[in-house]
Amino acid sequence: MVPRRVVVTGLGAITPVGNNVPEYWNGLLNGVSGAGEITRFDASKFKCRIACEVKGFDPLDFFDKKEARKLDSFAQFAIVAADEAIADSGITKDNTDFDEVGVIFGSGIGGIDSLFNDMRDFALGDGTPRLSPFIIPRLLPDLAAGHISIKYGLHGANFATVSACASSANALIEGFNFIHFGKADVMVVGGSEAAICPVGVGGFEAMKALSTRNDNPATASRPFDVGRDGFVMGEGAGCLIIEELNHAIARGATIYGEIAGSGVSGDAYHMTAPHPEGFGAALSMRRALKDAGITAEMIDHINTHGTSTQIGDVTEVLAIKEVFGEHTYKISVNSGKSMTGHLLGGAGAIEAISTVLACKNDIVPPTINHFSDDPAIDPAIDFTFEKPRKRVVNYAISNAFGFGGHNASIVFKKY
């Protein structure tokens with residue numbers, strides 16, 4: 001069969017720099033940092049006491065008390081982002097067969113906060129198993145997709161992708177493939193995470209993955225800067241409605257952009273560290289270009305994984321230079337994590353939204369918090385430091401990489 005064209009027709013987000021897509025996009029363009037002292041729990045005894053939390057979010061604005069108690073925050077974020085994206089897309093039962101609409105939603109960790117709270121209560125008790133009947137449904141990563149499907153009566157494919165920090169990029173790729181190869185006309189895709197809790201922060205802290213720049217949280221996430229000392233944990237969700245082109249046109253949908261292709265790979269190297277030469281990252285980008293049927297010289301913008309870790313930032317730049325050669329210096333590269341922090345399994349989704357909007361609006365959001373060049377990172381590359389870059393963006397790549405050597409790259413195209 002002839003592969004079908006896939007477009008983006010709806011967007012939804014809840015992030016540390018904005019609780020809907022317009023707020024999120026404006027936050028990025030204005031270089032707003034979402035970082036601050038942790039308020040989710042008492043972090044005074046932790047080495048890392050900062051995070052990029054979602055702000056001003058009250059579950060009772062979206063759910064009644066009974067429903068809210070059943071949902072971990074990661075699922076709440078997912079449903080709220082999906083609500084915005086579905087409303088934005090304009091899909092209804094009058095113009096779309098909801099029996100054929102699927103939901104693929106990724107999360108790297110799922111309901112870790114709910115699990116921690118219930119296990120703490122159990123450990124502090126007398127050993128009697130007085131556990132909540134919702135402990136399992138709250139922690140399962142697939143329940144974000146399940147709740148969205150249940151709420152809207154969507155009977156298509158329904159599952160979660162779990163590939164650490166590549167989870168929601170993989171969700172988008174899976175949804176793209178369903179439509180591309182004729183198994184669906186519309187898919188709800190994205191990812192969410194809510195791991196700012198003692199075991200989430202403590203676990204990454206023990207790995208020495210987190211920034212400890214507690215005295216100045218707003219400048220702690222420093223992708224590509226010589227002074228970077230780890231990532232800042234974020235939370236939230238992103239959701240995209242993707243659709244077969246003719247289906248979108250037939251119902252008069254607003255089209256934000258097109259997904260031209262995707263690539264995935266495995267580092268086959270280490271359970272947490274990236275390949276030191278960026279082998280897997282380069283492979284996923286090459287495969288995405290091939291899938292899109294374009295050359296490396298056609299890429300205008302790369303939204304990097306760019307976590308602000310010592311090894312990760314260097315290896316991603318090595319991979320970019322390996323794939324794009326001299327054209328590297330004509331690409332506007334950025335890292336939204338300098339502002340949002342790292343949403344883990346939700347990162348790929350919110351960064352895909354940023355990449356789509358960069359293509360639509362011909363502007364690349366900045367990478368903030370650059371103070372000094374790193375000798376290991378080529379300073380001639382345009383990292384869009386501090387200010388957004390106005391330029392034509394016809395094709396862009398969004399990268400997401402995860403522990404376990406999971407690599408995912410998505411090519412977006414201006415529509």
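**Sheet and helix packing in a predicted model**

User: What is the strand order of the open sheet of 10 strands?
Analyst: In this predicted model, the sheet is open and its pairing is mixed. The order of its 10 strands is S5-S4-S6-S7-S1-S8-S14-S13-S9-S10.

User: Which are the edge strands?
Analyst: An edge strand here pairs on one side only. The strands that do so are S5 (158-159) and S10 (332-334).

User: In which sense do strands S13 and S14 pair?
Analyst: Strands of a sheet pair through backbone hydrogen bonds, either parallel or antiparallel. S13 covers residues 395-402 and S14 covers residues 406-413. Eight bridges join S13 and S14, and the sense is antiparallel.

User: What is the bridge partner of Ala 400 in S14?
Analyst: S13, residues 395-402, pairs with S14, residues 406-413. In S14, the partner of Ala 400 is Ala 408.

User: What angle does the direction of helix H13 make with that of S7?
Analyst: Helix H13 (residues 347-361) packs on the sheet. The strands touched by H13 are S1, S6, S7, S8, S9, S13 and S14. With the direction of S7 (236-244), that of H13 makes an angle of about 55°.

User: How far apart are the axes of helices H7 and H13?
Analyst: Helix H7 spans residues 167-180 and packs against H13 at an angle of about 65°. On the H7 side the contact is made by Ser 168, Ala 169 and Leu 172; on the H13 side, by Ala 347, Gly 348, Ala 349 and Ala 352. The axes of H7 and H13 are apart by 5 Å.

User: How many residues of the contact of H7 with H13 are nonpolar?
Analyst: No residue of this contact is charged, and two are polar. The nonpolar residues number five.

User: Is H10 roughly parallel, roughly perpendicular or oblique to H11?
Analyst: The axes of H10 (residues 279-292) and H11 (residues 310-324) come within 8 Å and cross at roughly 40°. Angles under 35 degrees would count as roughly parallel, and 65 to 115 as roughly perpendicular. H10 is therefore, relative to H11, oblique.

User: How many residues of the contact of H10 with H11 are charged?
Analyst: H10 contributes Ala 281, Ala 282, Met 285, Arg 286 and Leu 289, which meet Ala 319, Ile 320, Glu 322, Val 323 and Phe 324 of H11. Eight residues of the contact are nonpolar and none is polar. The charged residues number two.

User: What is the radius of gyration of the chain?
Analyst: The chain has 13 helices and 14 strands. For 415 residues the globule rule gives 22 Å, and the chain's value is close to that, so the chain is as compact as a globular protein of that length. The radius of gyration is 20 Å.

Technical notes. Residues numbered from 1 in each chain as written. Predicted model: local features only at pLDDT ≥ 70, side-chain atom pairs only at ≥ 80, totals over all residues. Heavy atoms only, no water. Pairing = 2+ DSSP bridges. Helix = DSSP H or I, 4+ residues; strand = E, 2+ residues; numbered from the N terminus. Contact = heavy atoms within 4.5 Å. Axes fitted to C-alpha atoms, helices over the stretch in contact; angles between N-to-C directions. Nonpolar A, V, L, I, M, F, W, Y, C, P; charged D, E, K, R; others polar. Parallel < 35°, antiparallel > 145°, perpendicular 65-115°, else oblique. Rg over C-alpha atoms; globule rule 2.2 N^0.38 Å.
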